[in-house]
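Please keep the sequence and the predicted model side by side while reading, since the paragraphs below move from one region to another.

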Amino acid sequence: MKRAPEAVTDAFLGIDIGTRSTKGVVLIDGSVVGEAHVGHDVSNPVPQQFEHDAESIWWGGVVAVTRLVLAALPKDVRIVAVGLSACGPCVVPVDEAGRPLRPAILYGVDTRSTREVAALQDGIGRDVVQARFGMPLTSQTVGPKIDWIVANEPDVYERTRAFASTNGFVGLRLTGVLGLDRHQAAYWAPYFRDGGWDASYDTADVVKKLPELFWSTDVVGHVTAPAAEQTGLPRGIPVVIGSSDGMTSAYGTGTSEASQAVLNYGSTLGATVFTGRSTATGGVWRTPGAVAGQDCLVAGMSTGGALAKWFLEQFARELLQAGDSSSAFLQLAAEAESSPAGARGLLLLPYFAGERTPFYDPGAAGVVLGLRLDHTRGDHYRALLEGTAFGVRHILDEMARMEADVESLRATGGGTATALWLQIVSNVTGLSQEVVAPPYGSASGAAFLAAIGAGPLDGLADIAARVPVCRVVRPDAQVSKTYQRLFATYLALYTQTRDLLTELGAEPRP
């Protein structure tokens with residue numbers, strides 16, 4: 001008697017290559033049925049330079065995570081498409097065989113191209129830059145980083161066949177096709193304009209080495225036999241190009257309303273909101289969205305979870321020695337909860353790695369104002385959390401100036417495990433936050449993009465109904481009044497210390 005074939009269930013895999021970890025999430029009809037992650041390091045070879053090894057971290061992380069997540073799936077589940085997400089915009093030059101020619105240069109936290117940014121801004125004209133590209137040229141911009149390679153590593157540039165983003169590099173390894181989504185391509189100014197590559201300011205034939213452009217829901221190619229052997233993925237399944245983690249987080253959290261922004265509590269704090277078409281420009285980045293006809297405003301602070309991690313490692317090492325980092329952060333939060341709003345007179349500027357938005361100043365630095373002998377570690381940590389929250393408020397105010405009327409937030413990322421941080425952000429901004437149940441976020445967003453590009457979903461409205469909200473954080477009106485007063489002082493503190501910090505930063509370091 002002939003056996004009936006076993007029923008199989010189609011699933012979509014999303015992979016997110018983040019700053020400090022790579023994650024994989026498997027979705028069936030919007031529900032998470034499998035997940036895995038592996039950690040990795042960031043290289044900081046000299047001040048202001050931050051890099052990843054594209055071979056071992058980007059591709060190696062994807063191989064490891066994919067094998068982990070596939071090994072845990074039931075036999076009746078099959079992956080039918082893959083979507084990609086990544087920290088970004090990053091860039092790595094590759095040779096004819098697709099091999100990295102140097103370590104990949106990370107997004108705006110890497111400020112090596114300050115001179116190139118200034119030269120382009122002055123040469124093109126700051127007003128012209130805003131009008132042409134929809135955003136200022138900053139350390140977030142990839143074009144000046146390519147120019148840095150041209151000027152400082154001419155031998156590398158000579159051997160470069162193409163420049164790849166993080167998701168583009170992984171897509172190349174999976175499919176043999178090198179692509180880049182238009183959302184990230186907007187950050188490759190001055191080589192991108194009006195939806196395509198532009199050679200107007202190209203003096204070194206850079207445009208000839210740039211990838212093919214796609215929308216974030218487009219299939220860039222199909223898994224090759226060598227990639228299938230390495231990852232365990234089925235050969236021939238489609239790979240959707242996806243985007244950087246700000247965009248994919250918005251999809252992963254089901255943020256479909258123009259009045260709602262997604263706030264990603266990661267190593268850096270990021271915010272994304274979808275908007276109508278507009279020419280309004282300002283201190284946050286206006287880019288194409290995931291699909292044609294969709295625009296979005298995107299912001300990224302230079303710190304966030306990375307600042308909390310720095311504080312833990314420098315001032316609470318005994319908590320790490322006593323347990324894992326999660327329990328150590330919870331203990332720090334408990335100490336901070338004993339400090340009132342305003343941290344008993346402490347105010348912190350979170351610019352410990354410069355700043356990207358809502359203003360660009362790679363020379364900005366952290367400031368702690370109001371220190372006294374009676375301040376505790378909890379006061380300091382609360383001031384840190386409050387400082388990042390003021391940074392979020394500053395971004396949202398700039399988005400409002402750029403015609404985005406944000407009325408609520410959706411929160412995602414590892415930092416949402418700290419309830420105090422969430423409450424402080426709501427109190428500072430005056431906005432409620434819908435906290436999306438983990439692991440919905442950038443990796444699930446990549447899986448949703450795969451389900452749109454190669455599967456059954458139509459778009460964001462389809463996703464929103466499938467993403468669970470685990471809790472809602474509402475602002476305390478009375479505490480918000482306290483923070484409203486402190487926010488004015490926060491803004492004044494940067495203005496009044498900026499020149500002093502510039503002078504201090506010019507002093508030679510040992």
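In this predicted model, strand 15 is a good place to begin: Gln260, Val262 and Asn264 point one way from the strand, Ala261, Leu263 and Tyr265 point the other way, and all of them are buried. In a regular strand the side chains alternate between the two faces of the sheet. Because six of the six residues of strand 15 (residues 260–265) are buried, the strand is largely enclosed by the rest of the structure.

Strand 15 has partners that run in opposite senses relative to it, and these can be taken in turn. With strand 21 (residues 408–412) it runs parallel, joined by five bridges, and within that pairing Leu263 has Ala411 as its bridge partner. With strand 16 (residues 269–275) strand 15 runs antiparallel, joined by four bridges; here Asn264 stands opposite Gly270, and a hairpin of three residues leads from strand 15 to strand 16.

Another part of the model is an open sheet, in which six strands follow the order 3-2-1-5-14-13 with mixed pairing. Strand 3 (31–39) and strand 13 (219–222) stand at its edges with a single partner strand each, so one side of each is left without a neighbour in the sheet. On average, and ignoring direction, neighbouring strands of this sheet are turned by 25° against each other.

Within this sheet, strand 1 (residues 9–17) pairs with strand 2 (residues 21–28) in the antiparallel sense over six bridges, and Leu13 has Val26 in strand 2 as its bridge partner. Helix 15 (residues 442–453) packs on the sheet, where it touches strand 1, strand 2, strand 5, strand 13 and strand 14, and its direction makes about 130° with that of strand 1. Helix 9 (residues 245–252), for its part, lies across strand 1, strand 5 (77–86) and strand 14 (238–244), and runs at about 110° to strand 14.

What surrounds Thr22, leaving aside its neighbours within four places in sequence? Thr22 lies in strand 2, and its contacts include Ile15, Asp16 and Ile17, then Ala36, His37, Val38 and His40, and also Ile57, Gly61, Val62 and Val65. With a relative accessible area of 0%, Thr22 counts as buried.

The surface offers a last stop, where Trp310, Phe315, Phe352, Val368 and Leu371 form a nonpolar patch with about 450 Å² of accessible area together. One of these residues, Leu371, is found in the loop between strand 20 (367–369) and helix 13 (377–401).

Technical notes:
Residues numbered from 1 in each chain as written. Predicted model: local features only at pLDDT ≥ 70, side-chain atom pairs only at ≥ 80, totals over all residues. Heavy atoms only, no water. Pairing = 2+ DSSP bridges. Helix = DSSP H or I, 4+ residues; strand = E, 2+ residues; numbered from the N terminus. Axes fitted to C-alpha atoms, helices over the stretch in contact; angles between N-to-C directions. Contact = heavy atoms within 4.5 Å. Buried < 20%, exposed > 50% of the residue type's maximum accessible area, 1.4 Å probe, protein only. Patch = residues over 30% accessible without salt bridge, like charges linked within 9 Å, V, L, I, M, F, W, Y side chains within 5 Å. Areas by Shrake-Rupley, 256 points an atom, 1.4 Å probe, with all protein chains shown as cover. Salt bridge = Lys/Arg side-chain N within 4 Å of Asp/Glu carboxyl O.
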